[in-house]
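Biologist: Got a minute to go through a model with me? I'd like to talk about its ligand site, its pocket and its cavity.

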Amino acid sequence: MKYGRTYNFSAGPAMMPEPVLEEIAAEMMNYRGSGMCVMEMSHRSKVFQQIRDEAEADLRKLMGIPGNYKVLFIQGGGTVQFAMVAMNLMKNGVGCYVETGAWSKKAIAEAKKYGEVKIVASSADKNFSYIPDCSNLDIPENADYVYICENETINGTTYFNLPDTKGKVLVSDQSSMFLSRPCDVSRYGLIWGGVQKNVGPAGMAVVIIREDLLRDDLPKFVPTYMSYKTHADNDSLYNTPNCWAIYCCGKVFKY
Ligand SMILES: Cc1ncc(COP(=O)(O)O)c(C=O)c1O
């Protein structure tokens, strides 16, 4: 094996494609004649704008993301998304959650801070060893969305059929399965994934959100940074983004 590298199949940060790491290494001291490392350049520069735009375009192509969805690169990794989903999507104040293990439990605990949470299915009875039947969920009329953790990293379960949300918006945490199999984005209102398992450095999430879910009328307590619309309106460049993570993810998308 080249470089004597470790086979790391961890459920946390794991192996990245070697050609990607090699490319990053080659560009470290001088990115394509810019005289700078990507870490050193302005997020407002033309060079970085191209890196960002290409990353988004490549992800759109890879996943076949429809034109009415925004692609956002948001700092804070997965855990921040537990709060952002509830803060942004609880218009009526009601979120339905499928409880399948450690990560959906964290999402549920966080959502409870912002509204009413209804657990519409659970596999707690058998220590989260299976995905419960989601073909006829009891979803209240005023529910804002149905939330799933599509791949419970710690419990080792995944969905082979998506829940019947009875017309409500489907939200999915795809952190540990992101880009690992084909995905029909049009079946979801929002998909998010922390990128650190197989796409890039920890500390950033990719959010794919249907445009009609972006809101101007969020409660006043929602910090500017926590509004999806802030990021959508500014091409994920509202503040200084995690340029390094966007760059590395873009390399993996291209690969
Ligand atoms: C499915 C899933 N959701 C959310 C998270 C939390 O992400 P982060 O550690 O980036 O906050 C993880 C793990 O790290 C995860 O595996």
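What follows is a short chat about this predicted model.

Biologist: Let's start with the ligand. Which helix gives the largest share of the shell around the ligand?

Modeller: The shell has 13 residues, and G78, T79, T153, D173 and Q196 are the closest. By class they split into 4 nonpolar, 7 polar and 2 charged. The largest share, 4 residues, belongs to helix α3 (residues 77-89).

Biologist: And the polar contacts? Which side chain has an N or O atom 2.4 Å from an oxygen atom of the ligand?

Modeller: Let's take a few pairs in turn. A polar side-chain atom of K197 sits 3.1 Å from a ligand oxygen, while D173 has a side-chain N or O atom 2.6 Å from a nitrogen of the ligand. The 2.4 Å pair, again with a ligand oxygen, belongs to T153.

Biologist: With contacts like those, what percentage of the ligand's exposed area does the protein bury?

Modeller: Take the T153 pair, with its 2.4 Å to a ligand oxygen, as one of the contacts. The ligand on its own exposes 380 Å². Of that area, the protein buries 86%.

Biologist: Okay, on to the largest pocket. Which element gives the most to its lining?

Modeller: That pocket has a volume of about 260 Å³. The elements giving two or more residues to its lining are α1 (18-27), α2 (46-63) and α6 (243-254). With 6 residues, the top contributor is α2.

Biologist: How many charged residues are in that lining?

Modeller: There are 16 lining residues, and Y31, R32, E54, K251 and K254 lie nearest the pocket centre. Sorted by class, the lining has 8 nonpolar and 2 polar residues, and the charged ones number 6.

Biologist: E54 and K254 turn up there together. How many residues apart in sequence are the parts that this pair ties together?

Modeller: Side chains of opposite charge can pair when their charged atoms come close. Here the side chains of K254 and E54 form a salt bridge, 3.0 Å from N to O. K254 is in helix α6 and E54 in helix α2, so the pair ties together parts whose separation in sequence is 200 residues.

Biologist: How many salt bridges does the structure hold?

Modeller: You've just met one of them, between K254 and E54. The count for the structure is 17.

Biologist: Last one, the cavity. Which strand gives the most to the lining of the largest cavity?

Modeller: The structure holds 1 cavity of 30 Å³ or more, and the largest cavity has a volume of about 40 Å³. Its lining includes F73, I74, Q75, M204 and Y225, and by class it has 6 nonpolar, 5 polar and no charged residues. The strand giving the most, with 3 residues, is β1 (residues 69-75).

Terms used:
Residues numbered from 1 in each chain as written. Predicted model: local features only at pLDDT ≥ 70, side-chain atom pairs only at ≥ 80, totals over all residues. Heavy atoms only, no water. 1 Å grid on protein atoms, 1.4 Å probe; cavity = no way out; pocket = protein on both sides within 12 Å on 5 of 7 lines; lining within 4 Å. Points joined across faces, edges and corners; volume = space filled by probe spheres on them. Nonpolar A, V, L, I, M, F, W, Y, C, P; charged D, E, K, R; others polar. Near = heavy atom within 4 Å. Polar contact = N/O pair within 3.5 Å; in protein donor to acceptor, adjacent residues only side chain to side chain. Areas by Shrake-Rupley, 256 points an atom, 1.4 Å probe, with all protein chains shown as cover. Salt bridge = Lys/Arg side-chain N within 4 Å of Asp/Glu carboxyl O.
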